[in-house]
Amino acid sequence: MTHRSVLVAGAGIAGPALAYWLHRHGLAATVVERAPAVREGGQTVDLRGAGRAVARRMGLERTLRAHTTGEEGIRFVDRADEVKAVFSSGSYGGQGPVAELEILRADLSRLLYEETRPYTEYLFADEITELSQSDARVRVTFRGGAERVFDLVIAADGARSPTRDLVFGGLDDAVDVRPVGLTTAYFTIPGEPGDGRWARWYNAPGGRVVTLRPDGRGTTRAALSFLSPPHADESAEKLVPQAQKQLLHRVFREAGWETARVLAAMDTAPDFFLDRAVQIRMPRWSHGRVAVLGDAGYCASPLSGMGTSLAFAGAYVLAGELAHHAHHEQAFNRCEEVLRPYAERAQRLPPGVPRVAMPRTGAGIRALHLALRAAARPRAVARLNRFLVPPADTFTLPCYSL
Ligand SMILES: Cc1cc2nc3c(=O)[nH]c(=O)nc-3n(C[C@H](O)[C@H](O)[C@H](O)COP(=O)(O)OP(=O)(O)OC[C@H]3O[C@@H](n4cnc5c(N)ncnc54)[C@H](O)[C@@H]3O)c2cc1C
């Protein structure tokens with residue numbers, strides 16, 4: 001085998017999931033994570049279709065179920081908190097806008113870390129700053145100063161992946177970072193009795209959305225989203241957090257509903273995090289002994305509802321192919337052949353998304369509510385499920401002997 005030692009960049013979801021599957025196939029992983037610990041923050045993520053099947057094969061489904069937020073579904077509300085449309089977590093067979101298996105991203109990341117740490121070398125507060133490869137090895141330098149040699153390096157460090165850019169950044173047309181026109185800030189705020197067990201989604205005119213999701217811990221996960229021009233030079237994600245918060249205060253001023261409460265709590269939120277949603281498209285997922293995994297290689301954006309399922313399926317297939325091919329190049333090629341059609345389907349967002357879900361006018365919001373109410377009726381499922389059910393079930397996992 002040309003690949004006994006594997007360095008993985010990123011201890012989010014895809015990185016630890018890969019460490020798990022490599023171990024099951026008898027391969028060892030080192031995982032380097034830029035943050036000082038597993039990252040907190042974010043809202044819930046959902047495991048669907050192939051992603052859930054991978055979790056089942058990991059023996060994790062029951063544990064994940066025990067950690068779900070218990071969210072009962074989502075209510076679309078107006079300025080007066082009057083409910084305009086409702087989707088329970090059981091709607092669309094548990095695969096609708098709120099899936100049956102919703103778990104806080106931070107909990108999932110921590111569970112994967114705990115599961116893999118007995119047999120995985122984790123390096124926190126560090127990252128790869130230089131990387132050079134020969135036919136036989138990859139030599140890396142870490143920010144902390146250490147130099148080491150590995151057989152393979154896998155970039156699983158998210159949509160903005162610095163590790164991917166070290167390798168593919170210098171190649172022509174190797175990475176297409178495509179904004180989808182939406183900027184979102186995520187943070188945790190104190191819960192209030194009215195937050196209940198349902199997610200609430202509020203549209204304010206001007207293409208603004210506020211969501212509140214109870215997290216099962218007594219606190220509430222808030223998100224503020226606004227439409228952002230896809231090619232804006234002045235992107236909010238490039239600002240320092242203080243300036244991002246000032247921008248949000250301006251954008252969401254007098255938005256109505258519970259926005260004033262959310263803005264006030266944002267200023268002291270411990271886990272404030274803002275990002276512009278992007279998709280990542282790459283014509284090749286590997287270069288020599290380096291490959292990409294999860295959001296780093298084929299991010300479909302949070303709008304797809306598929307990021308975590310893709311990360312799980314990607315980790316499973318990549319490890320399986322590495323274990324069953326003597327040469328890494330064959331394994332990388334085969335992994336891409338198997339997984340690429342699934343990733344591409346996940347990236348095909350329904351027409352008009354996100355604008356269609358974030359109208360600019362009061363009339364547009366009223367039309368959206370009518371459409372959602374229609375979509376919530378059982379007979380509407382066939383026509384409207386394209387907008388509400390991600391293509392998670394459109395991939396059958398290969399079987400790899402362990
Ligand atoms: C803090 C956070 C909150 C999120 N919240 C949501 C959410 O609410 N809803 C949603 O749908 N998706 C969210 N996501 C994205 C979601 O986790 C992914 O779409 C999906 O689970 C695939 O995961 P991934 O492991 O490929 O990437 P990610 O989950 O993004 O993990 C990447 C990891 O790489 C680390 N990293 C970054 N740069 C380096 C580097 N140079 N070297 C080493 N490590 C590095 C990051 O700190 C992170 O831990 C969030 C991601 C993060 C990081």
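**Core, ligand shell and unusual backbone**

The largest nonpolar core holds 81 residues, of which L18, L293, F312 and F395 touch the most other members; such a core is a set of buried Ala, Val, Leu, Ile, Met, Phe, Trp, Tyr and Cys residues joined through side-chain atoms within 4.5 Å, where buried means under 20% relative accessible area, exposed over 50% and partly exposed in between, with a 1.4 Å probe and protein chains only. Helix α9 (residues 307–324) gives the most to this core, namely ten residues, and helices (H or I, at least four residues) and strands (E, at least two) are DSSP runs numbered from the N terminus.

This is a predicted model, in which local features need pLDDT of at least 70 and side-chain atom pairs count only at pLDDT 80 or more, while totals for chains, interfaces and linings use all residues. Residues are numbered from 1 along each chain as its sequence is written, and side-chain values use heavy atoms, with hydrogens and water left out.

L293 shows how parts of the chain meet: leaving aside its neighbours within four places in sequence, L293 is in contact (heavy atoms within 4.5 Å) with A14, L18, I154, A155, A156, Y298, G314, A315 and L318. In soluble globular proteins, nonpolar side chains tend to be buried together.

The ligand is surrounded by 29 residues, the closest being E33, Q43, R105, E127 and D295; a residue counts as near when one of its heavy atoms lies within 4 Å. By class, this shell divides into eleven nonpolar, ten polar and eight charged residues, with Ala, Val, Leu, Ile, Met, Phe, Trp, Tyr, Cys and Pro counted as nonpolar, Asp, Glu, Lys and Arg as charged, and the others, Gly among them, as polar. α9 gives the most to the shell, with three residues. Oxygen atoms of the ligand lie 2.7 Å from a polar side-chain atom of E33, 2.8 Å from a polar backbone atom of A14 and 3.1 Å from an N or O atom in the side chain of T308.

Some backbone features also deserve attention. Most residues other than glycine have a negative phi, and most peptide bonds are trans. The peptide bond from V353 to P354, however, is cis, with omega near 10 degrees, and P354 lies in the loop between α10 (328–347) and α11 (362–375). S301, in the loop between α8 (295–298) and α9, has a positive phi near 85 degrees and is buried, with a relative accessible area of 4%.

Conventions:
A polar contact is a pair of N or O atoms within 3.5 Å; within protein, one must be able to donate a hydrogen and the other to accept it, and residues adjacent in sequence count only if both atoms are side-chain atoms.
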